[in-house]
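Visitor: Please pick one part of this structure and go through it slowly. I would like to know how its pieces are joined.

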Amino acid sequence: MKKVKILDKEAINRSIMRIAHEIIEKNKGIAELCLVGIRNRGVHLAKRLSDNIKKIENKDIPCGTLDITLYRDDLAMASGQPLVRKTEIDFDLNDRKLVLVDDVLYTGRTIRAALDALNDFGRPKSIQLAVLIDRGHRELPIRADFVGKNIPTSSQEAVEVHLEEADGSDEVLIAGKE
Amino acid sequence: MMFWSKKDLLGLEYLTQEEILLILDTAESFKEVSSREIKKVPALRGKTAVNLFYEPSTRTRISFEVAAKRLSADVINIATDTSSVRKGETLIDTGKNIQALKADIVIVRHSCSGAANMLARALDISVVNAGDGWHEHPTQALLDIFTLREKLGKIAGLKVTIVGDIAHSRVARSNIWGLTKLGASVTVCAPELLLPAEIEKMKVKATSDIDKALKDADAVNVLRMQFERDENAAFPEQLDYYKKFGITEERLDRAQKGIIVMHPGPINRGIEMSSGVADGENSVILEQVTNGIAVRMAVLFLVAQAREKIKNGDID
């Protein structure tokens, strides 16, 4: 399996910084803003986004963690990850502008599950979606508001996002089928 | 990383250390669901769980029912004393009928040891053992161990004492399997007549001296004395039992400070323990009840998921 690096550490950092600026711009500041990262790598990205937003606005915004395993539309599929992990949202979602964060946007089914899950925690004023990679092939009418990089892929290929916090290095790889 | 691959939960004897830890870790995540305003996730939406109880039970049955409902499964309770079981239908036939109704999980309690194992072999759907004879009561032990781990941060190296009718207790047996597999050392304490000779084969220490059993223990799990089942009148005097084995404030004073007191319920106050101990700061009895929901949610979720994978041919 051949792997091609399409983003390196610097490119990832620049994307995250740009998205932080875009989030602030689109929401006209950070009032009522909160971030929720989808496990696993969305959580690290949300943390980095909130660090960057703090650098720009000099203020903390609430940051939560969502595990969507229990909201998958296919029980057997829910085994992509061996362990159901905790959801940790220790602030009130009601009337907040919520930015959902994930690493890769693909079929849209993860986001659909995340929207269902958020529904059980409250009623945000709005939900926006930020992803590092949009690789296309949507199976549901879902789009991202903030994208680090659009990467056209074939469904045979795999996109691997590696982040220092989880994988020891920052890079995005595309693995093609020979 | 390991994946859960069993369609049934029959006993802790049949599980590896990793499998037990997987259930406990999964239960930790499920605990959060019960603290939400909307205490429900759609994980088992469209699945049907059947409570098939051949012995009276309130807390275990309700705990399973709450767990299944918080996972969005539909729950049917079969009271065997008003069903065709009374007309002589066998356990396997009843099970096959439940399977023909397209239920997905049978939660069974039966007075015969091995009933759940037998049912699991006969059915393709998931079977969860909610207590079979003197054999096992795996979810009770899992919730005991979960509570202990939550309180003390670990299981390995702990000293746990189990007091009560060891000979006839499936709770004791499941706890012994689970605790020893996770590296705890277990002491069992009971009147000699209720202390089976072969118990030490399970790698536990056995004694009839309660003070000796409590000394150095990090936790004591106090079993219910089932006087209603004591056909041989092995312990005729309830008050006598309290004097010799009852957990009292005085006995706890001589034990380690902070010793955890557990009880699977229902408590016989003044027989197994004093009211002061049951309601005291060492007692985690009501936390056990809360944790039981999370543990049973984890078990139902894992067995249902494994069955789905078996059906799809992903695992054998």
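Guide: Two strands count as paired if DSSP finds at least two bridges between them. Strands (E, at least two residues) and helices (H or I, at least four) are DSSP runs, numbered from the N terminus. This is a predicted model: local features need pLDDT of at least 70, side-chain atom pairs count only at pLDDT 80 or more, and totals for chains, interfaces and linings use all residues. Residues are numbered from 1 along each chain as its sequence is written, while chains are lettered from A and ligands numbered from 1 in the order in which they are written.

The part to look at is strand β5 of chain A, residues 126–134. On one side, 8 bridges join β5(A) to strand β4 of chain A (residues 97–105), and the two run parallel. One place to find this pairing is K97(A), whose bridge partner in β5(A) is S126(A). Between these strands, the chain goes from β4(A) through helix α3 of chain A (residues 109–119) to β5(A). This β-α-β crossover is right-handed: with the strands pointing away from the viewer, the path from the first strand over the helix to the second runs clockwise.

β5(A) also pairs with strand β6 of chain A, residues 146–150. Here 4 bridges make the join, and these strands run parallel too. To find β6(A), look for F146(A), which stands opposite A130(A).

Outside this part, chain A also meets chain B: 16 residues of chain A are in contact (C-beta atoms, placed from the backbone, within 7 Å) with 20 residues of chain B. On the chain B side, α1(B) gives the largest share, 6 residues.

How values were computed: Two residues are in contact if their C-beta atoms, placed from the backbone, lie within 7 Å.
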